[in-house]
Amino acid sequence: MMLSAFRLTVRVSSAVQRACQCPARALHSSPVLWAGHNKWSKVKDIKIPKDAARARMIAKFTMMIRIAVREGGPNPEFNVALAQLLEQCRNKNLPKATVEGAIKGAKSKPGVQCLYEATGPGGCTLLIEVLTDNNTRSHGELKRIMTKHGGALCEGARRNFDRKGIVAASRDGISSEKALELAIEAGAEDVQETEDEEERPILQTQLETAFTLLEAVNDCPDVVRVWDNIHAQN
């Protein structure tokens, strides 16, 4: 065993000597290069915000369903508001179990429905519908959002709003004049024609600030709906 080990050592030493006699080659180093894609970056930048937005949407619809059931009952055949909400939930692929749970839990789950009045940038006014189990928490959060984005909770904004219904229908070849005539005969107060393509008006500074405020208010977990009198002009 000792002889074998000695011979192995000799062979290795000879190999090292032969390598040392070869011409030297220059070595160059380079920074580490990464191949492929960062999966976590995609998840963080795309999937997580998308999932969070969908979770907020589901929470909003759940609260609106609870309010509709409290006001008009759990049968959509006799509750137009609930029927419209259920149709929207189907279009947005909300889980059936979530919708059914919201209907069944409308009476049992605690919650107080409140309507806050507020002013925003440029003198716009807001009505903020809230469903909460802690009115002090909701009031404090809305006050914080308003202060941060140039708004304030106030009284008197409600007089700028009237509760109205909206009916949307395709024109199907009917002229604008005929559509207006039919709508007036049916008791409509106003008729507006909209295009399929989105038109993005040029926003002034106050409008940008107001829309930022609206986004922040809508992201508040206890807020169900927000009405405003903001008018954007091209």
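**Exercise 1. Take the salt bridge between D222 and R137 and work out which parts of the chain it links.**

Start with the distance: D222 pairs with R137, and their closest N and O atoms are 2.9 Å apart. This is a predicted model, so keep that in mind throughout.

Next, place the two residues. D222 sits in the loop between helix 7 and strand 4, while R137 belongs to helix 5 (residues 135-148), so the pair ties together parts that are 85 residues apart in sequence.

Last, check the surroundings. The cut-off for buried is under 20% relative accessible area. D222 comes in at 12% and is buried, whereas R137, at 41%, is partly exposed.

**Exercise 2. Find what R56 pairs with, and say how far apart in sequence the joined parts are.**

The partner of R56 is D219, with 3.3 Å between the closest N and O atoms. R56 is in helix 2 (residues 39-72) and D219 is in the loop between helix 7 (205-218) and strand 4 (223-228), so this salt bridge connects parts 163 residues apart in sequence.

Now for accessibility. R56 has a relative accessible area of 36%, which makes it partly exposed. D219 is partly exposed too, at 41%.

**Exercise 3. Describe the salt bridge between E141 and R144, then give the total for the structure.**

Here the N to O distance is 2.7 Å. Both residues lie in helix 5, three residues apart, or about one turn of the helix. E141 has 27% relative accessibility and counts as partly exposed; R144 is partly exposed as well, at 44%.

As for the total, the structure holds five salt bridges.

**Exercise 4. Sketch the sheet: strand order, pairing and edges.**

Begin with the order. Four strands make an open sheet, arranged 3-1-2-4, with antiparallel pairing. Strand 3 (152-154) and strand 4 are at the edges with a single partner strand each, so one side of each has no neighbour in the sheet. From one strand to the next, the twist averages 35°.

Then go through two of the pairings:

- Strand 1 (residues 112-119) and strand 3 run antiparallel and are joined by three bridges. In this pairing A118 stands opposite L153, and E117 has C154 as its bridge partner.
- Strand 1 and strand 2 also run antiparallel, with eight bridges between them. T119 stands opposite T125 in strand 2.

Finish with the hairpin of strand 1 and strand 2: five residues lie between the strands, and G122 takes a positive phi near 75°.

**Exercise 5. Work out which strands helix 5 and helix 7 touch or cross, and at what angles.**

Take helix 5 to begin with. This helix packs on the sheet and touches strand 1, strand 2 (125-132), strand 3 and strand 4; its direction makes about 150° with that of strand 2.

Then helix 7, which lies across strand 2 and strand 4 and runs at about 160° to strand 4.

**Exercise 6. Locate the largest nonpolar core and say which elements build it.**

The background is familiar: in soluble globular proteins, nonpolar side chains tend to be buried together.

Count the residues: the largest nonpolar core has 20, and L126, I128, L142, M146, V217 and V223 have the most contacts inside it. Strand 1, strand 2, helix 5, helix 7 and strand 4 each supply at least two residues of this core. Helix 7 gives the largest share, six residues.

Zoom in on I128. Setting aside neighbours within four places in sequence, its contacts include L142, M146, V217 and V223, along with Y116 and R225.

There's also a second, separate core of 19 residues; M64, I65, V69 and I103 are among them.

**Exercise 7. Decide where to read the model with care.**

Start with the overall score: the protein averages a pLDDT of 75, and 67% of the residues score at least 70. Confidence is highest in helix 5, at a mean of 92, and lowest in helix 1 (residues 2-21), at 46.

Now pick out the weak stretches. Residues 1-16 stay under 50 and have zero contacts in the model beyond four places in sequence. Residues 196-203 are below 50 too, with eight contacts beyond near neighbours in sequence.

The takeaway: where pLDDT is low, the predicted coordinates should not be read in detail.

Notes
Residues are numbered from 1 along each chain as its sequence is written. This is a predicted model: local features need pLDDT of at least 70, side-chain atom pairs count only at pLDDT 80 or more; totals for chains, interfaces and linings use all residues. Side-chain values use heavy atoms; hydrogens and water are left out. A salt bridge is a side-chain nitrogen of Lys or Arg within 4 Å of a carboxyl oxygen of Asp or Glu. Buried means under 20% relative accessible area, exposed over 50%, partly exposed in between (1.4 Å probe, protein chains only). Two strands pair if DSSP finds at least two bridges between them. Axes are lines fitted to C-alpha atoms, for helices over the stretch in contact, and angles run from 0 to 180 degrees between N-to-C directions. Contact means heavy atoms within 4.5 Å. pLDDT is the predictor's confidence in each residue, from 0 to 100. A nonpolar core is a set of buried Ala, Val, Leu, Ile, Met, Phe, Trp, Tyr and Cys residues joined through side-chain atoms within 4.5 Å.
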